[in-house]
Amino acid sequence: MNAVNPTDSASLLTAFGALGVLAVTFAESGLLVVGFFLPGDTLLFPAGVLSAVQHGGQPPRLVLWQVMLCAAVGTVAGAQVGFLIGRHGGRALLTRTSSRRVREGVARAERLLARYGYRKALVIGRFVPMLRSVLHPAAGALGVPAGTFTVWQTVGGVLWSQSLVLMGWALGSSVDDVDDCLLPLIAVVVALSLVPLLVEVVRSRRGRGEDGRDGTGDTGGTDD
């Protein structure tokens, strides 16, 4: 049996099917450093495609309802575990890590929560790669109320996971032999998923530039 590469969506889906979706979305949604290296967008979209594509009259390799269920459960449950890690580990757990990416992710999570409020931030953060792995532990460490967190991380998690799976399924249902083009499609998904992150970076730099020109911290202060 070939070794499974946990960072490669095709390898995971071939080896574990829908259960691989559950495990990866769980880890990516709340296990901090581990989540940074796992596919999220690039796993759910191909899983949706493979739930639609048929070859030679054979049924699709994955079952759509199983993929959707596993994606929702893994995403929501992983976020709750991440929240509990942050709540009990505290801010020190997030800031004493040697990983620069984790520290930067924590800083972005704080800015997002401050700018948009808990509800919007928990939904928006789901669609930002790398940020979603640290947002939920950060929310726990920063004292976001458990009830508010549970409701809105569930809303964001379901929207994110189900929309990607269904987009993949719709494409696989309408385009012949689309699974032969999965790598280019995954590249497109990655590029699109980075758009929110790039927008945040541009806004943050623009806000700091305006602060410098004005000589005050009033303009764009919520960006930092």
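Start on the surface of this predicted model, where Val63, Trp65, Leu69 and Val73 together make a nonpolar patch of about 390 Å². Val63 sits in the loop between α4 (41-50) and α5. With a relative accessibility of 36%, Val63 counts as partly exposed, because that class lies between the 20% and 50% cut-offs.

Step back for a moment and look at the overall fold. The protein chain has 10 helices and 0 strands, so if you walk along from the N terminus you read α-α-α-α-α-α-α-α-α-α. Of its 224 residues, 45% count as buried. The outside amounts to about 11,000 Å² of exposed area, and carbon and sulfur atoms supply 64% of that. Now for how the chain comes together: take the contacts between residues at least 6 apart in sequence, and 72% of them join residues at least 24 apart.

Some of those partners can be looked at one by one. Val81 is a handy place to begin, and you'll find it in helix α5. Its relative accessibility is 30%, so Val81 counts as partly exposed. Leaving aside residues up to four places away in sequence, Val81 touches Phe26 and Leu31. Leu31 is 50 residues from Val81 in sequence, yet the two C-alpha atoms are 7.9 Å apart in space.

Next, the aromatic rings. How many aromatic pairs does the count give? It comes to 1 aromatic pair. The partners are Phe83 and Phe149, whose ring centres are 4.2 Å apart; their planes are at 20°, so the pair is stacked. For that label, the planes have to be under 30 degrees apart. This pair ties together distant parts of the chain, with Phe83 in helix α5 (residues 64-95) and Phe149 in helix α8 (residues 146-174), 66 residues apart. Are these two rings' residues buried or exposed? Phe83 has 3% relative accessibility and so counts as buried, and Phe149, with a relative accessible area of 0%, is buried as well.

Then there are the charges. The structure holds 1 salt bridge, in which the side chains of Arg132 and Glu28 meet at 3.1 Å, N to O. Here again distant parts of the chain are linked: Arg132 belongs to helix α7 (residues 131-141) and Glu28 to helix α2 (residues 18-28), 104 residues apart. Where do these charged side chains sit, buried or exposed? Arg132 is buried, because its relative accessible area is 1%, which is under the 20% cut-off. Glu28 has 3% relative accessibility, so it counts as buried too.

Finally, a word on how far to trust what you see. The chain averages a pLDDT of 75, and 62% of the residues score at least 70. Which helix has the highest confidence, and which the lowest? Helix α8 is highest, with a mean of 91, while helix α9 (residues 182-193) is lowest, with a mean of 56. Phe149 of the stacked pair belongs to α8. Over residues 216-224 the pLDDT stays under 50, and for that stretch the model has 20 contacts beyond four places in sequence. Where pLDDT is low, the predicted coordinates shouldn't be read in detail.

Terms used. Residues numbered from 1 in each chain as written. Predicted model: local features only at pLDDT ≥ 70, side-chain atom pairs only at ≥ 80, totals over all residues. Heavy atoms only, no water. Phe/Tyr/Trp six-rings, centres within 6.5 Å; stacked < 30°, edge-to-face > 60°. Helix = DSSP H or I, 4+ residues; strand = E, 2+ residues; numbered from the N terminus. Buried < 20%, exposed > 50% of the residue type's maximum accessible area, 1.4 Å probe, protein only. Contact = heavy atoms within 4.5 Å. Patch = residues over 30% accessible without salt bridge, like charges linked within 9 Å, V, L, I, M, F, W, Y side chains within 5 Å. Areas by Shrake-Rupley, 256 points an atom, 1.4 Å probe, with all protein chains shown as cover. Salt bridge = Lys/Arg side-chain N within 4 Å of Asp/Glu carboxyl O. pLDDT = per-residue confidence, 0-100.
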